[in-house]
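Hi,

Here is the structure I promised to pass on. Have a look at it first, and then read on for what I found in it.

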Amino acid sequence: MVGKYTGLSDSYLSVLKALLHASVSCHKKLVVDWVASTDLEDSTASEAPDAYKAAWTLLKGADGVLVPGGFGDRGVKGKMMAAKYARENNVPYLGICLGMQLAVVEFARHVMKFPDADSTEFNPNTKTPCVIFMPEGSKTHMGGTMRLGSRRTFFKVTDCKSAKLYGDVNYVDERHRHRYEVNPDMVPAFENAGLQFVGKDETGQRMEIIEIPDHRFFVGVQFHPEFKSTPSKPSPPFVGKLLDTYWKLSWSSGKLQQTLTICSNIHTLPTGLIAAACGQLDQVLQDSCNGHVVAAKHKLGDSSSTPLVHQNGHAQKQANGGVANGTCHANGNGSTHG
Ligand SMILES: NC(=O)CC[C@H](N)C(=O)O
């Protein structure tokens with residue numbers, strides 16, 4: 001998980017819980033490595049080479065990459081680097097809200113060769129605004145300029161991973177919390193270059209789900225699927241990401257539906273396991289994310305791991321409750337860390 005860890009915000013908690021729900025439904029233990037996105041950036045290479053090396057080692061050792069939502073420009077470059085790394089190396093990627101927007105910007109910069117492509121949230125003067133402010137002006141939804149709450153996404157491409165994950169439905173309702181969106185004027189150019197917009201709102205103007213069909217699993221969602229994830233109904237994008245990570249699914253084969261049915265049928269798990277998984281999440285969070293020094297990378301029971309001495313990115317002071325580079329075992333079986 002690559003984010004800007006200035007504190008244990010609700011959104012990271014929800015994402016961690018959604019990962020836990022999905023991993024239980026896949027009958028797998030999940031180890032979450034936390035990477036402070038600023039530590040992936042070039043400036044860290046010179047200012048704090050150890051932190052830089054540790055962050056890249058964590059990223060490169062991961063079986064999948066998740067960039068969650070966020071606001072503000074700190075760590076944005078590092079998040080884009082993580083998306084680029086996943087795209088170029090065929091590593092499963094799930095981008096949520098800002099994580100999707102930055103994957104789009106990264107694609108415009110490096111695949112479509114628009115070096116100044118940006119979100120107007122970070123560069124209002126960019127000549128290639130691929131993510132822009134699109135206020136809704138809705139009279140029925142409160143919340144100032146923020147697009148909030150449950151909105152409908154229609155699948156425009158039926159033969160895509162997200163549609164399959166959601167069970168071949170025509171639309172899904174998911175929760176939103178953002179101001180910026182993919183620039184609809186640039187959509188044809190993106191699609192020509194290989195980035196598909198497989199889900200859109202009812203107007204067709206707001207891009208909700210991206211996929212790169214040539215990639216093993218590269219999915220970005222403008223909404224927050226983690227908000228609706230529950231132990232008995234894990235979120236489809238999270239389940240899909242983990243399924244692909246674990247088993248390199250053949251997305252076109254009939255076996256997919258079978259696997260999904262088995263894996264999402266969480267009721268086949270002993271209820272005790274689900275309870276343990278959920279109850280122990282608190283312990284996992286408390287142990288691993290309490291603002292103390294954690295291991296950069298370790299296996300269970302490995303006492304030889306090297307502790308990191310930086311929190312919230314190398315340059316930041318340690319903050320209580322902050323999440324640092326390190327590892328959480330969101331596995332339902334308790335947690336350990338070096
Ligand atoms: N929740 C988010 O990730 C928000 C993304 C971005 N900052 C926006 O406002 O659109």
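I began with helix α4, so let me start there too. Please keep in mind throughout that this is a predicted model.

Just after α4, Asn90 takes a positive phi of about 55 degrees. The helix itself covers residues 76–88, and its length works out well: 13 residues at 1.5 Å a residue should span 18 Å, and the end C-alpha atoms are indeed 18 Å apart. Its buried residues are Val76, Gly78, Lys79, Met80, Ala82, Ala83, Tyr85, Ala86 and Arg87. What do they pack against? The partners are the helices α3 (49–61) and α5 (98–110), together with the strands β1 (2–3), β3 (65–67), β4 (93–96) and β12 (218–221).

The pairing of α4 with α5 deserves some attention. The two axes come within 9 Å and cross at roughly 70 degrees, which means α4 is roughly perpendicular to α5. On the α4 side the contact is made by Val76, Lys79, Met80, Ala83, Lys84 and Arg87, and on the α5 side by Leu98, Leu102, Ala103, Val105, Glu106, Phe107, Arg109 and His110. By type, the residues of this contact divide into 8 nonpolar, 1 polar and 5 charged.

On to the two partner helices. α5 has 13 residues and reaches 18 Å from its first C-alpha to its last, close to the 18 Å expected at 1.5 Å a residue. It is mostly covered, with 11 of its 13 residues buried; among them are Gly99, Gln101 and Glu106 as well as Leu98, Met100 and Phe107. For α3, the 13 residues should also span 18 Å at 1.5 Å a residue, and the 18 Å between its end C-alpha atoms agrees with that. Its buried residues are Ala51, Ala54, Ala55, Trp56, Leu58 and Leu59.

Next, the nonpolar cores. The largest has 41 residues, and within it Val65 and Phe190 touch the most other members. Elements giving two or more residues to this core are the helices α3, α4, α5 and α7 (187–193) and the strands β3, β6 (129–133), β9 (180–182) and β11 (207–211). The largest share, 8 residues, comes from α5. If you would like to see how Phe190 is placed, look beyond its neighbours within four places in sequence: Phe190 is then in contact with Val104, Phe107, Ala108, Met112, Cys130, Leu195 and Phe197. A second, separate core of 30 residues includes Leu16, Trp34, Ile209 and Phe223.

Two residues on the loops around α5 may interest you for their backbone angles. Cys97 lies in the loop between β4 and α5, and its phi is near 55 degrees, a positive value in a residue other than glycine. Lys113 sits in the loop between α5 and β5 (118–119) and has a positive phi of about 60 degrees, although it is not a glycine either. Are these two residues buried or exposed? Cys97 has 5% relative accessibility, so it counts as buried; Lys113, at 62%, counts as exposed.

Two more positions are worth a click in the viewer. Gly72 is in the loop between β3 and α4 and, with 30% relative accessibility, counts as partly exposed. Its C-alpha is 7.9 Å from that of Glu121, a residue 49 places away along the chain. Leaving aside neighbours within four places in sequence, Gly72 is in contact with Lys4, Glu121 and Phe122.

The other is Ser162, found in helix α6 (residues 161–165). Its 4% relative accessibility makes it count as buried. Again leaving aside neighbours within four places, Ser162 is in contact with Phe155, Val198, Ile209, Glu211 and Val219. The C-alpha atoms of Ser162 and Phe238 are separated by 10 Å, with these positions 76 residues apart along the chain numbering.

Finally, the chain as a whole. Its secondary structure comes to 10 helices and 13 strands, and 54% of its 338 residues are buried. Of the contacts with a separation of 6 or more, 70% are between residues 24 or more positions apart.

Happy browsing, and all the best!

Technical notes:
Residues numbered from 1 in each chain as written. Predicted model: local features only at pLDDT ≥ 70, side-chain atom pairs only at ≥ 80, totals over all residues. Heavy atoms only, no water. Helix = DSSP H or I, 4+ residues; strand = E, 2+ residues; numbered from the N terminus. Expected span 1.5 Å × (residues − 1). Buried < 20%, exposed > 50% of the residue type's maximum accessible area, 1.4 Å probe, protein only. Contact = heavy atoms within 4.5 Å. Axes fitted to C-alpha atoms, helices over the stretch in contact; angles between N-to-C directions. Parallel < 35°, antiparallel > 145°, perpendicular 65-115°, else oblique. Nonpolar A, V, L, I, M, F, W, Y, C, P; charged D, E, K, R; others polar. Core = buried A, V, L, I, M, F, W, Y, C linked by side-chain atoms within 4.5 Å.
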